[in-house]
Every structure is written in structure tokens, then in C-alpha cells.
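Hi there,

Here is the structure I promised to pass on to you. Have it open while you read, and I will walk you through what turned up.

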Amino acid sequence: MSNLDRLRVAFRTALGLPEDLDVDRLEYRGIEQWDSLAHLQLVAEIEDAFDVMIDTDEVIDLSSFDKAVEILGKHDVALAH
């Protein structure tokens, strides 16, 4: 499984989304499921999936799937989007 697919799984798991839902264009509060509590679950899911520690500024900045890709890039996680 590619890192990009692992990120998609993290989003679907944390937000309780179906496996076939395209998450690549998701934005914070763009769907009902992505509220503040789910946001923290998403951060934890990403940290676990990629063995990284996301700092407070990054938690605040994590506003979309694309932003998650960018943040993981800063942690040397290779993701081709």
C-alpha cells in the first residue's frame, strides 16, 4: 500500500467514512463528520500511521487532505499526489 493510500485510509478511519468515498478533496468542516473532535482523531490516526508527531501549528493548519500531504512532506514522508 502506498503512503498516499495509507493517508486515505487514515482519513476514512478517523472520520468514519465509507471505503469508496474519495477523500482527496476533503476540507475541514466540508463534511459533517469532520468536526473538531474528529479532527483530533484524524491527527492521532495520521501520527500512528506514519510514526510522526504533528505539532500544534500543524494541527491547526491541517485543513484539507492536500494540507495533510504537505505536512507529512515536512516530516519526510514521501507522498505522490
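Right after helix α2 comes Asp51, a residue whose phi is positive, near 50 degrees. This is a predicted model, so please read everything below as computed from that prediction.

Let's stay with α2 for a moment. The helix is made of 15 residues and spans 21 Å from its first C-alpha to its last, close to the 21 Å expected at 1.5 Å a residue. At its start, a side-chain oxygen of Asp35 comes to within 3.3 Å of the backbone nitrogen of Leu37. Which residues of α2 are buried? They are Ala38, His39, Leu42, Val43, Ile46, Glu47 and Phe50. These buried residues pack against α1, α3 (56-61) and α4. As you look along the helix, one general point may help: an α-helix has 3.6 residues a turn, so residues three or four places apart point the same way.

Now zoom out to the whole chain. The protein has four helices and zero strands, and from the N terminus on its elements run α-α-α-α. The C-alpha atoms fill a box of roughly 30 × 30 × 20 Å along the principal axes. For 81 residues, a compact globule would have a radius of gyration near 12 Å, and the protein agrees with this at 11 Å. Of those 81 residues, 41% count as buried. Among contacts between residues at least 6 apart in sequence, 45% join residues at least 24 apart.

Next, the inside. In soluble globular proteins, nonpolar side chains tend to be buried together. Here the largest nonpolar core has 26 residues, and those with the most contacts inside it are Leu7, Phe11, Ile46, Leu62 and Leu72. The elements that give two or more residues to this core are α1, α2 and α4, with α1 giving the most, six residues. Leu7 is a nice one to click on: leaving aside its neighbours within four places in sequence, Leu7 is in contact with Ile46, Phe50, Phe65, Ala68, Val69, Leu72 and Leu79.

Finally, the charged pairs. How many salt bridges are there? The count comes to four. One of them joins Arg8 and Asp24, whose closest N and O atoms are 2.7 Å apart. Arg8 sits in helix α1 (residues 3-15) and Asp24 in the loop between α1 and α2 (36-50), so this pair ties together parts that are 16 residues apart in sequence. Are Arg8 and Asp24 buried or exposed? Both of them are buried. Arg8 and Asp24 also belong to a network of salt bridges that links them with Asp5.

Another salt bridge brings together the side chains of Arg25 and Asp22, at 3.9 Å from N to O. Arg25 counts as exposed, with a relative accessibility of 72%, while Asp22 is partly exposed at 48%.

In helix α4, Glu70 forms a salt bridge with Lys67, and their closest N and O atoms are 3.0 Å apart. Glu70 and Lys67 are three residues apart in α4 (residues 65-74), which means that about one helical turn separates them. Glu70 counts as partly exposed, at 40% relative accessibility.

Happy exploring, and do write back with any questions!

Best wishes

Notes: Residues are numbered from 1 along each chain as its sequence is written. This is a predicted model: local features need pLDDT of at least 70, side-chain atom pairs count only at pLDDT 80 or more; totals for chains, interfaces and linings use all residues. Side-chain values use heavy atoms; hydrogens and water are left out. Buried means under 20% relative accessible area, exposed over 50%, partly exposed in between (1.4 Å probe, protein chains only). A nonpolar core is a set of buried Ala, Val, Leu, Ile, Met, Phe, Trp, Tyr and Cys residues joined through side-chain atoms within 4.5 Å. Contact means heavy atoms within 4.5 Å. The expected span of a helix is 1.5 Å times one less than its number of residues. A polar contact is a pair of N or O atoms within 3.5 Å; within protein, one must be able to donate a hydrogen and the other to accept it, and residues adjacent in sequence count only if both atoms are side-chain atoms. The radius of gyration is taken over C-alpha atoms; the globule rule is 2.2 Å times the number of residues to the power 0.38.
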